[in-house]
Amino acid sequence: MLLMVGSKVERVEAATTTNKESLITKVSNPSNGKITFVINVPAKTTVSYKVELIPNARTKSIDTKSGSYKNTGKSQVSKKITVTTRYYSNKYKITASYSTGPARNRKIYKDTDSAVSALKTTIYTNKFVWNSANIKKWKAESRVQVLLGFAITGAADLAVTKGYLSAGYGTVVSLTFLCGDYSSAGSVSDTKTIQMTPIKGWGFKVKAVPYDGGYTKYLLVYDAKGRLHETIKFGKMSISTISTIIK
């Protein structure tokens, strides 16, 4: 492109962008916190890719994974890419691109696809066990609080206090999952009063079970012999809420 500047003619470098839908294929979410996809790389070409989580139009990406693949061969190759995400969300976006031609007349080929990172398998935290010290705190109506970790990463904040039911004493259980949803509070909390009082050696675990639109949280109650006594359903975490990854 030529541009007249005063009495001089200068060449302005320009690029054109073309959508190439076949550049990204086979997007999937095979396991907890994993996104996979295939980039189809033309011969003698380097394709750059990026996976981003952008909560809304007013913010930048809060989780970015990027890279490139160079094909030095004489024919197109398909390269499978796997990234580990920081969050569960249905707002992930994948972009891939490559360019051809000289800088003054460059052609850019680009493809964009959406992706979901969801909980795929049922997971459990470690166990909270009632002992003499935390039973004493409960009787004094003090808050007993502990962070229960999942097997690999992530945690649930469990808090218990004395509560009251029509039949007598109960236990108020608050279960909080940390979130990264920039359109709401930084956590999602569910509270229930359950019909039990602390017994030494009894305990709790937290379980997360996936469903098509997210995952459901459960409180598991165990007796002193480690047998499952009761399963109590808490709230659901929608995949539309950006929640910290747990595995």
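**Exercise 1. A lysine in a loop**

The loop between β5 and β6 (45-53) holds K44. The model is predicted. Find what is unusual about the backbone of K44, and decide whether the residue is buried or exposed.

Solution.
- Step 1: look at phi. K44 has a positive phi of about 55°, although K44 is not a glycine.
- Step 2: look at accessibility. The relative accessibility of K44 is 60%. Exposed means over 50%, so K44 counts as exposed.

**Exercise 2. A second lysine**

Which element holds K26, and is K26 buried or exposed?

Solution.
- Step 1: place the residue. K26 belongs to strand β4.
- Step 2: check its phi. For K26 the angle is positive, about 55°, and K26 is not a glycine.
- Step 3: read the accessibility. K26 has 69% relative accessibility and counts as exposed.

**Exercise 3. The sheet around β4**

Work out the strand order of the sheet that contains β4. Then say which strands stand at its edges.

Solution.
- Step 1: order the strands. The sheet is open, has three strands and runs β4-β5-β8. Its pairing is antiparallel.
- Step 2: find the edges. β4 (24-28) and β8 (77-84) each have a single partner strand, so each has one side without a neighbour in the sheet.
- Step 3: add the twist. From one strand to the next, the twist averages 20°.
- Step 4: zoom in on one pairing. β4 and β5 (residues 34-41) run antiparallel and are joined by three bridges. Take I24: its bridge partner in β5 is I39.

**Exercise 4. A buried aspartate**

Where does D63 lie, and what does its side chain reach?

Solution.
- Step 1: place the residue. D63 sits in strand β7 (residues 63-71).
- Step 2: test for burial. The cut-off is under 20% relative accessible area. D63 has 2%, so D63 is buried.
- Step 3: follow the side chain. The side chain of D63 comes to 2.8 Å from the backbone nitrogen of R86.
- Step 4: list the contacts. Setting aside residues up to four places away in sequence, D63 touches V51, E52, L53, T85, R86, Y87 and Y92. R86 is among them.

**Exercise 5. A glycine with a distant partner**

G235 and D190 are 45 residues apart in sequence. How far apart are they in space, C-alpha to C-alpha?

Solution.
- Step 1: place G235. Strand β19 (residues 228-238) contains G235.
- Step 2: give the separation. The two C-alpha atoms are 6.1 Å apart.
- Step 3: check for contact. Outside four places in sequence, G235 is in contact with D190, T216 and K217.
- Step 4: check burial. G235 has a relative accessible area of 17% and is buried.

**Exercise 6. Stacked rings**

A pair of aromatic rings is described by the distance of the centres and the angle of the planes. How many aromatic pairs are there? Describe the pair of Y98 and Y109, then that of F128 and F204.

Solution.
- Step 1: count. There are eight aromatic pairs.
- Step 2: take Y98 and Y109. Their centres are 5.0 Å apart, with 20° between the planes. Planes under 30 degrees apart count as stacked, so this pair is stacked.
- Step 3: locate the two rings. Y98 is in strand β9 (residues 87-100) and Y109 in strand β10 (residues 105-117), so the pair ties together parts 11 residues apart in sequence. Y98 is buried, at 7% relative accessibility.
- Step 4: take F128 and F204. This pair is stacked too, at 6.0 Å centre to centre and 20° between the planes.
- Step 5: locate this pair. F128 is in strand β12 (residues 128-129) and F204 in strand β17 (residues 203-211), so the pair ties together parts 76 residues apart in sequence. Both F128 and F204 are buried.
- Step 6: widen the view. F128, F204 and W130 form one aromatic cluster.

**Exercise 7. Lysines over rings**

Which lysine lies over the face of Y109, and which over Y218?

Solution.
- Step 1: K20 lies over the face of Y109, 6.0 Å from the ring centre.
- Step 2: K207 lies over the face of Y218, 5.1 Å from the ring centre.

**Exercise 8. The whole chain**

How many helices and strands does the protein chain have, and what share of its residues is buried?

Solution.
- Step 1: count the elements. The chain has one helix and 20 strands.
- Step 2: give the burial. Of the 247 residues, 40% are buried.
- Step 3: look at contact range. Among contacts between residues at least 6 apart in sequence, 57% join residues at least 24 apart.

Conventions:
Residues are numbered from 1 along each chain as its sequence is written. This is a predicted model: local features need pLDDT of at least 70, side-chain atom pairs count only at pLDDT 80 or more; totals for chains, interfaces and linings use all residues. Side-chain values use heavy atoms; hydrogens and water are left out. Two strands pair if DSSP finds at least two bridges between them. Helices (H or I, at least four residues) and strands (E, at least two) are DSSP runs, numbered from the N terminus. Axes are lines fitted to C-alpha atoms, for helices over the stretch in contact, and angles run from 0 to 180 degrees between N-to-C directions. Buried means under 20% relative accessible area, exposed over 50%, partly exposed in between (1.4 Å probe, protein chains only). A polar contact is a pair of N or O atoms within 3.5 Å; within protein, one must be able to donate a hydrogen and the other to accept it, and residues adjacent in sequence count only if both atoms are side-chain atoms. Contact means heavy atoms within 4.5 Å. Rings of Phe, Tyr and Trp (its six-membered ring) pair if their centres lie within 6.5 Å; planes under 30 degrees apart count as stacked, over 60 as edge-to-face and the rest as tilted. A charge sits over a ring if NZ of Lys or CZ of Arg is within 6 Å of the ring centre and within 35 degrees of the ring normal.
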